[in-house]
Amino acid sequence: MAGLKRSALGRGLDALITMDDLKTGGSSSISEIELSKIQPNPEQPRTVFEEEALEELATSIRSLGVIQPITLREISPDKYMIISGERRYRASLKAGLTGIPAYIKTADDENVVEMALIENIQREDLNSIEIALAYQKLIDLYGLTQERLSERVGKKRATIANYLRLLKLPAEIQMGLKDKKIDMGHARALLPVENPKEQLKLYERILTEGLSVRNVEESVRSAGVTETKKEKKEKKALLPEEYNLLKDHLSSFFKTKVQLTYNDKGKGKITIPFVSEEQLEELVGLLDKLKR
């Protein structure tokens, strides 16, 4: 197989076509599979495949072969679904190949979507919206908290939260981010603006005036000066996600609705309410256990 025999020649192409191995419990074997027997995964988070990049990859495949095998799952006799490697599959079709080296994974149906999403998230060439949608898909499918998701995909919780916040932007801005009209820095700078119409106005200014991320941040800060006292009070009352997670954790532990407040300097207090002497005794007992 040309790609396997000459793999040493393709090390310089790692940035284009290599991918980390899947961290799964399923076994695997490598084979050459006919392209006609392979179908893309409908849950693939990537939705955009740039034609120029595909053509470049196809050109390299014509001369060097496929350096890194794709990963497949057998869905029926002689039929396979792509878990990862759809770019290499598409480029191989363009290059005129009839077969492609592939790892055949054994995996339960319920794990296939997760495997595809996690492996694709680990790639660096997904756009920000594709990554955000993949994170949201995992959260919805498995009922994960952001903390559990961060452990599963090996990313900081704050990083995941930043991506998910992009999905709150108007669709036009999300499309602009996806189409690389703006970058993630611009999009994040727009997030503090609560009014979608104002977000869109700033977005149009970014496109027409070529505003930098710092320009957008300054415009947002200037607009914030006109907030009413009520709006500022409501904004101040909002707890960051980390505090909400802590509050929920404490409420679950003490089996009562714990209240948590804090100020701009980071000072605050935790209130543990009780409705009877019996409940108070239970709370004291729990606190005593924590001392041991």
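The secondary structure comes to 15 helices and seven strands. The model is predicted. Of the protein's 292 residues, 38% count as buried. Its exposed area is about 17600 Å². Carbon and sulfur atoms supply 51% of that area. Take the contacts between residues at least 6 apart in sequence: 65% of them join residues at least 24 apart.

Start with the strands. Strand S3 covers residues 70-76, and strand S4 covers residues 79-84. S3 and S4 form a hairpin, with two residues between them. Asp 78 sits in the turn and has a positive phi of about 65°. The two strands pair in the antiparallel sense, over five bridges. Within this pairing, Glu 74 stands opposite Tyr 80 in S4.

S3 also pairs with S5. Here the strands run parallel, and four bridges join them. Thr 71 stands opposite Tyr 103 in S5. So S3 has two partners: S4, antiparallel, and S5, parallel. Keep the side chains in mind when viewing these strands. In a regular strand they alternate between the two faces of the sheet.

Is strand S5 mostly covered or mostly open? S5 spans residues 99-105, and six of its seven residues are buried. The strand is thus mostly covered.

Now turn to the aromatic rings. How many aromatic pairs does a search of the whole structure find? The search finds one. Tyr 135 and Tyr 163 form this pair, with 5.8 Å from centre to centre and 65° between the planes. The geometry is edge-to-face, because the angle is over the 60-degree cut-off. The pair links distant parts of the chain. Tyr 135 belongs to helix H6 (residues 128-142), and Tyr 163 to helix H8 (residues 157-165). The two residues are 28 apart in the chain. Both Tyr 135 and Tyr 163 are buried.

Finally, look at the surface. Which residues form a nonpolar patch there? They are Phe 274, Leu 280 and Val 284. Together they have about 240 Å² of accessible area. Phe 274 lies in the loop between strand S7 (268-271) and helix H15 (277-291). Why does Phe 274 count as partly exposed? Its relative accessibility is 43%. That value lies between the 20% limit for buried and the 50% limit for exposed, so Phe 274 falls in the partly exposed class.

Note on methods
Residues numbered from 1 in each chain as written. Predicted model: local features only at pLDDT ≥ 70, side-chain atom pairs only at ≥ 80, totals over all residues. Heavy atoms only, no water. Patch = residues over 30% accessible without salt bridge, like charges linked within 9 Å, V, L, I, M, F, W, Y side chains within 5 Å. Areas by Shrake-Rupley, 256 points an atom, 1.4 Å probe, with all protein chains shown as cover. Salt bridge = Lys/Arg side-chain N within 4 Å of Asp/Glu carboxyl O. Buried < 20%, exposed > 50% of the residue type's maximum accessible area, 1.4 Å probe, protein only. Phe/Tyr/Trp six-rings, centres within 6.5 Å; stacked < 30°, edge-to-face > 60°. Pairing = 2+ DSSP bridges. Contact = heavy atoms within 4.5 Å.
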